[in-house]
Structure formats: structure tokens, C-alpha cells
Amino acid sequence: MFIRMSFAILWLFSSAIYAKEQTVKIVDSAGKGHPNVVIYFEPKQASTTISDIAPAIMDQIDTQFVPHILAVQKNSMVQFPNSDSIKHHVYSFSAAKTFELQLYKDFKADPLLFANEGVVELGCNVHDWMLGYIFVVDTPYFGKTNAKGEWVIDLPEGDYSLKVWSPLIQDNLESLTKEVSISETSSTLVINLAKPMLQNLHQYEQVDEFSDYE
Amino acid sequence: MRVINLSFILLAVLSTGFAVSAVETKGLVQVNYVFADGQPSWFENGTGILAYSDSGINVQQALVEVSDSYSNGISFSIIANYYQRGEQNLGISQAQLRYKPLMGGKVRWRARAGFFYPKISLENVDLGWLSPYTYTQSAINSWIGEELRNPGLEFTLYSPGRARRSAYSWEITGGVFKGNDPTGTILSWRGFALHDRQSLNNDRIPFAPYPTVLDEQQVFHPNYVEPFHEFDGHLGFYLGAHLDYFQKVKFRYYYYDNQADPKAISFERLYAWRTKFHSFGLQHNINKNLRFISQWMTGTTTMGLRAVFVNYDAWFAMFSYKLDRHRLSARYDGFKVREDDFMPNDLNNSNGKALTLAWRYNLNKAWQVGVEQHFNQNFAANRATLLEPTEIDQQQSLAVLQYRW
């Protein structure tokens with residue numbers, strides 16, 4: 001993901017002037033940072049198109065989607081490999097991308113195009129506990145927060161809308177949007193959540209070795 | 001035979017008219033060396049409650065599962081088994097067509113049809129309804145494997161917890177079936193046993209020639225049962241409820257009633273037995289390595305005009321510990337059959353307790369070795385009618401080599 005994003009940025013700004021790094025933090029009312037939150041800067045200037053780069057990867061490992069949240073730029077291709085020795089049946093009913101994909105053992109499915117912005121919620125019709133997200137953004141400037149709730153990016157000068165997304169955020173996402181102007185100085189942008197994040201049900205990732213799921 | 005026909009029809013339907021698919025074939029073979037205690041088992045028309053009478057090398061399990069699934073949510077699987085022991089050596093243990101439509105939402109449904117097990121057991125979760133824990137299965141599930149199968153339909157409503165942002169997932173399931181009329185026979189005469197021999201589609205389970213059973217003036221029944229016959233045309237049913245906390249704790253309740261007419265009788269003089277039970281199952285994955293599994297079953301079965309009426313209880317508690325490629329399991333079983341009927345000469349009381357200890361080691365993904373030691377003490381009142389001691393202690397040691405693909 002980060003390699004892919006880096007390529008996109010390199011391509012786009014090979015002739016542009018870079019500002020110093022920008023740090024974005026997501027903190028709740030207790031000052032705690034939150035990981036795995038998608039952050040993206042939508043430029044006000046002319047929109048950018050995606051380059052011809054390798055598809056992003058949404059893998060299935062130990063009957064889980066890996067990564068749990070994948071952010072991609074609009075018009076990206078996403079590959080769905082199956083690293084398990086059993087079959088999966090991945091689907092989405094989301095408006096941004098409705099599809100189903102039979103992932104047989106040792107079967108390599110063609111990558112899919114994600115041409116619409118928004119949230120794509122993934123499930124598996126074989127393993128009901130599997131849940132994953134593809135979040136499609138219309139900008140090359142995106143990433144996810146680290147364990148401290150931080151994300152760092154070098155951005156070219158300009159005006160942007162700074163936006164965030166996570167399935168666990170309860171705040172109105174519009175209210176979290178910041179209009180920012182990037183100059184040639186480093187800055188730290190903090191997004192404060194007014195409401196607590198929803199509980200992360202990560203225990204679903206502790207999969208029983210044996211089950212009678214077919 | 002009916003099941004085989006059904007299987008061919010399913011295959012024919014599924015092989016036409018569907019898009020991308022990939023038939024998957026899995027298999028498993030277990031070969032053992034058994035140190036037996038010399039007590040003849042029911043396979044030899046004896047009264048022992050363990051599968052092996054004599055020491056030696058055996059094919060313990062040999063099975064192939066063929067399955068496929070389609071993008072419309074339809075899938076099928078057929079499991080064919082070879083058994084060295086028993087009357088039917090080659091046959092089908094399960095054949096089912098499943099429909100699980102692709103759907104979002106908090107409450108979803110799925111259905112299956114064919115010849116299959118209700119999901120009563122938390123123990124039998126390996127390929128081919130085998131146990132990944134011990135080779136000799138619990139008394140409860142040894143009996144289910146022998147006499148219970150669902151040739152019928154099952155409908156399930158289920159709610160995956162993650163779709164509701166909840167730690168709890170639930171299922172409610174109901175099935176209707178035919179062809180389980182003699183279910184209960186083996187419990188009433190032989191009693192509970194501990195083994196891994198599942199009955200095949202057209203199987204016959206022998207038992208000892210108890211004089212009161214064979215006597216034309218008394219029960220007048222052959223000393224075998226063919227468990228999957230239909231005599232009375234009645235539909236049996238079962239209802240089940242599952243509740244899971246993540247995948248850490250699993251609870252299952254099932255109520256089974258074959259609704260058989262206990263006066264119905266076949267030309268072979270096999271009876272329909274009205275068999276009902278409640279089953280409660282609990283699994284707790286205490287941590288990543290250690291799990292606890294328990295099950296309790298309580299029920300009744302009756303035949304004729306209360307010629308035989310028994311109530312039965314069985315339970316087990318098992319701890320299983322996994323360390324790297326090793327799995328150690330220890331299970332304690334208790335079981336009891338009590339009669340309350342109009343034929344006091346035909347003795348049906350039996351009971352017992354058993355301890356099973358197993359170590360299984362995965363050499364790699366395909367090969368596994370293991371050893372198991374089993375002890376039991378059991379009582380069967382009708383051994384007296386064969387001039388045998390009613391109480392016996394049994395032991396069995398197994399060394400098993402397993403290959404799966």
C-alpha cells in the first residue's frame with residue numbers, strides 16, 4: 001500500500017515543489033491516538049489521475065481479510081489472493097462496488113476495478129466472521145494512522161480538504177473535515193474526535209482451528 | 001441405495017448449468033495398530049463396548065470428500081468411506097446439497113438437503129465428521145455416528161455477530177427427516193459404546209444374540225439393526241440453537257424426536273423406536289492452546305407397546321491442549337441406560353464410565369502420528385442372559401498413522 005502510494009506521489013510530483021512533512025493525528029477526548037484510521041487530503045487544485053501501477057492487495061489469511069482496512073485511490077485495481085488452503089467466497093453489497101468472487105484454493109482471480117469513491121464492506125459467504133473494508137478515495141494523498149494514531153506525508157503546497165474515515169468513528173465525518181492550506185513549513189494537524197470510537201471486535205480474528213463450517 | 005441415487009441426481013444437476021466451479025477432493029486415511037483386550041465387540045456379536053476384539057493392524061478410517069460450490073450460493077459435498085470393520089464396508093456417510101444465498105443484513109438464512117448430521121457435536125469437527133482430538137470418540141457421538149443421520153431437509157436462521165457489531169453470534173435451526181425409525185435399538189440392548197465407526201448409508205449394526213431378543217415368544221427381533229430405514233411414514237424433526245461468544249465460547253442445544261410409531265415393524269422384524277433426546281454442548285477455548293469441550297444428552301426410546309422403554313443419559317468432559325505440533329486430549333465419559341417397561345425378562349439396564357487419553361503429532365500438513373489409551377468400566381445386565389459377567393473393565397491402546405490430502 002505505502003509503496004504503491006509512494007510511486008503515485010513520485011510520479012505526480014516529479015516536477016513539483018514539496019513542502020516539508022505534514023503530520024496528522026487522530027485523538028479522542030482523552031487525548032488517546034487511534035490506529036488504522038484512513039486519512040486523506042483532497043486537493044482543491046486540478047484533480048489527479050492514477051498512474052499505471054500494480055494492483056493493491058486484499059488477501060485472505062487464516063480466514064481474515066488482510067489488511068482489515070485497505071485504502072485505494074479511485075480507479076485502482078485490487079487483487080484478492082487466497083493465502084488459505086480452503087476456499088473463500090468474497091462479496092460486497094456496498095454501493096461503491098457490488099461484487100462476488102469465488103476464491104477457490106490455489107485459484108488466482110483477476111483483479112477488480114474500484115471506480116467509485118466510498119466504503120466497500122467485504123464479507124465471506126463461507127466464513128461469516130470475516131469482515132474487511134476497502135475505502136476508495138479520489139486523491140493520491142492518503143494513508144492510515146499508525147499505532148500512535150499518527151500519519152506522516154510530504155505534501156505539495158496548495159489547498160486541501162483533510163478528511164478521515166474509519167468504521168469505528170461515531171462522529172459525523174463531515175464535522176471532522178478540515179480545510180487546510182499547505183505551505184513550505186512542517187505542521188502537525190490534529191483531528192479531535194468528540195465521541196468515543198466504537199469497540200474494535202478484534203477477538204473475531206482469533207479463529208478456532210476446528211469448526212464445522214463447510 | 002436411496003442416498004446413492006440422490007447423490008447421482010445431485011451430481012447430474014450440478015454438473016450442468018453453472019458457471020465457474022472447481023471440484024475439491026479431500027481425503028483421509030488412518031491405519032492403526034491396536035492392542036485389544038480380547039473382549040469380543042458387537043461386530044463379532046460380542047458384548048464389549050470397544051470396536052476391536054483382537055490386537056493387530058487395521059484400516060481405522062479411509063474416506064474421500066468431494067465438494068464444490070457455485071457463485072449462486074449452492075454447494076454440495078459427498079463423503080464416501082471404506083471401513084474394515086462392520087457389515088457395509090464401502091458406502092456414503094454424508095451427501096448434502098447446501099444453499100446459502102449471498103445476503104447482507106443482520107439475520108440471514110441457509111438450507112441443506114440430503115443425508116447428513118445435525119450439527120449437534122462440538123467434538124466431531126474434522127473432515128468426515130471425525131474428531132481431531134481422540135480416535136475413540138465420546139459415548140454420545142459414537143452413538144450419533146451409528147444410529148443418527150438426517151435424510152431430509154434443514155433450514156437455519158443465523159446472525160453473524162460481526163455483522164451486528166456484537167460479540168455474540170446465534171443460529172436457530174430446524175430439520176425434518178425420514179429414515180431414522182430404528183434409531184434407539186442399539187442403545188436399548190448393547191448400550192453405549194466408544195469408537196469411531198460411523199454407519200454408512202445402507203449399513204447394518206450387529207449385536208450379541210441376546211436370547212430374549214431373538215426368542216419368538218419374547219421380543220422376536222434379529223440381533224442387528226439397520227438404522228436408516230423408514231417403516232411408518234412419519235416425519236421426524238429436530239430443533240437446535242447455537243450461541244457463540246466470538247469463537248471463544250460455543251453453546252449448542254438440540255432437541256431430536258424421530259416421531260416414530262413404536263408399533264411399526266418391518267418384514268425383517270425391525271421395529272420403529274420412538275426416540276427423543278435433548279443435547280447440550282459447550283466449548284470454551286480457555287486460551288490459544290487449551291480448550292474444554294463438554295456435552296450432555298438425556299432422552300428416551302421405546303418400542304412396541306412399551307415392550308422396551310428406556311431412558312438414557314450420557315455426558316463427557318474433555319480438555320485438549322495444543323503445543324506447537326502436539327495435541328494432548330483427555331476425556332472422561334459417563335453413560336447410563338435405565339429400563340422401565342413391560343418385559344422384565346428382557347434386560348436393558350447398562351452403564352459405564354471411561355477415560356480416553358490421546359496424543360497426536362503433526363509431522364507436516366499431510367502426515368500425523370498418534371497414540372491413545374482408553375480405559376472403561378461398564379455394566380450390562382443382559383450379559384447375564386449370555387452367561388457372561390455383567391460388569392467388565394476394558395482397555396484399548398492405539399497407535400495411529402494418518403495421512404490426509
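This report walks through a predicted model of two chains, A and B, from overall make-up to cores, sheets and the contact between the chains.

**The two chains side by side**

Here is the basic bookkeeping for each chain.

| Chain | Residues | Helices | Strands | Buried residues | Contacts joining residues at least 24 apart, among those at least 6 apart |
|---|---|---|---|---|---|
| A | 214 residues | 2 helices | 17 strands | 32% | 68% |
| B | 405 residues | 4 helices | 18 strands | 48% | 64% |

Let's start with chain B, which has 4 helices and 18 strands. Its radius of gyration is 21 Å, close to the 22 Å that the globule rule gives for 405 residues, so chain B is as compact as a globular protein of that length. If you want a feel for its dimensions, the C-alpha trace of chain B spans about 60 × 50 × 40 Å along its principal axes.

**Inside chain B**

Nonpolar side chains tend to be buried together in soluble globular proteins. In this model, the largest nonpolar core has 59 residues, and the ones touching the most other members are Ala139(B), Ile140(B), Leu187(B), Phe192(B), Phe207(B) and Ala314(B). Strand E14 of chain B, residues 308–323, gives this core its largest share, with 7 residues.

Ala314(B) is a good place to click on first. Leaving out residues up to four places away in sequence, Ala314(B) touches Ala139(B), Ile140(B), Phe192(B), Met297(B), Gly334(B) and Phe335(B).

Two of those partners, Ala139(B) and Ile140(B), are among the buried residues of helix H2 of chain B. How many of the 9 residues of this helix, 139–147, are buried? The count is 9 of 9, so to speak a full house. Besides Ala139(B) and Ile140(B), the buried set takes in Asn141(B), Ser142(B), Trp143(B), Ile144(B), Gly145(B), Glu146(B) and Glu147(B). And what covers them? The cover for the buried residues of H2(B) includes helix H3 (185–189), strand E8 (205–206), strand E13 (290–303), E14, strand E15 (326–339) and strand E16 (350–362), all of chain B.

**Inside chain A**

There is also a second, separate core, with 44 residues, and its members include Ile39(A), Leu103(A), Ile134(A) and Tyr141(A).

Ile134(A) leads us to strand E12 of chain A, residues 131–137, where 7 of 7 residues are buried. Both faces of E12(A) are covered: one side carries Leu131(A), Tyr133(A), Phe135(A) and Val137(A), and the other carries Gly132(A), Ile134(A) and Val136(A).

Which strands pair with E12(A)? One is strand E6 of chain A, residues 69–73, which pairs with E12(A) in the parallel sense over 5 bridges. Another is strand E11 of chain A, residues 118–124, which runs antiparallel to E12(A) and is joined to it by 6 bridges. Ile134(A) shows up in both pairings: it is the bridge partner of Leu70(A) and also of Val120(A). E11(A) and E12(A) form a hairpin, with 6 residues between them.

**Two open sheets in chain A**

Strands of a sheet pair through backbone hydrogen bonds, either parallel or antiparallel. One open sheet in chain A has 4 strands in the order E13-E2-E15-E16, with antiparallel pairing. Strands E13 (141–144) and E16 (178–182) of chain A are at the edges with a single partner strand each, so one side of each is left without a neighbour in the sheet. On average, and ignoring direction, neighbouring strands of this sheet are turned by 25° against each other. Strand E15 of chain A, residues 158–165, pairs with E16(A) over 5 bridges in the antiparallel sense; for a concrete pair, look at Ser161(A) and its bridge partner in E16(A), Glu179(A).

The other open sheet has 3 strands in the order E3-E7-E10 of chain A, and its pairing is mixed. Here the edges are strand E3 (56–57) and strand E10 (112–114) of chain A; each has a single partner strand, so one side of each lacks a neighbour in the sheet. E3(A) runs parallel to strand E7 of chain A, residues 76–79, and 2 bridges join them. Ile57(A) has Gln79(A) as its bridge partner in E7(A).

**Where the chains meet**

The contact takes 24 residues from chain A and 24 residues from chain B. What classes of residue does chain B bring to the side that touches chain A? That side has 8 nonpolar, 8 polar and 8 charged residues.

Terms used: Residues are numbered from 1 along each chain as its sequence is written. Chains are lettered from A and ligands numbered from 1 in the order in which they are written. This is a predicted model: local features need pLDDT of at least 70, side-chain atom pairs count only at pLDDT 80 or more; totals for chains, interfaces and linings use all residues. Two residues are in contact if their C-beta atoms, placed from the backbone, lie within 7 Å. Ala, Val, Leu, Ile, Met, Phe, Trp, Tyr, Cys and Pro count as nonpolar, Asp, Glu, Lys and Arg as charged, and the others, Gly among them, as polar. Two strands pair if DSSP finds at least two bridges between them. Axes are lines fitted to C-alpha atoms, for helices over the stretch in contact, and angles run from 0 to 180 degrees between N-to-C directions. A residue is buried if 20 or more other C-beta atoms lie within 10 Å of its own, exposed if 12 or fewer, and partly exposed in between; C-beta atoms are placed from the backbone. A nonpolar core is a set of buried Ala, Val, Leu, Ile, Met, Phe, Trp, Tyr and Cys residues joined through C-beta atoms within 7 Å. The radius of gyration is taken over C-alpha atoms; the globule rule is 2.2 Å times the number of residues to the power 0.38.
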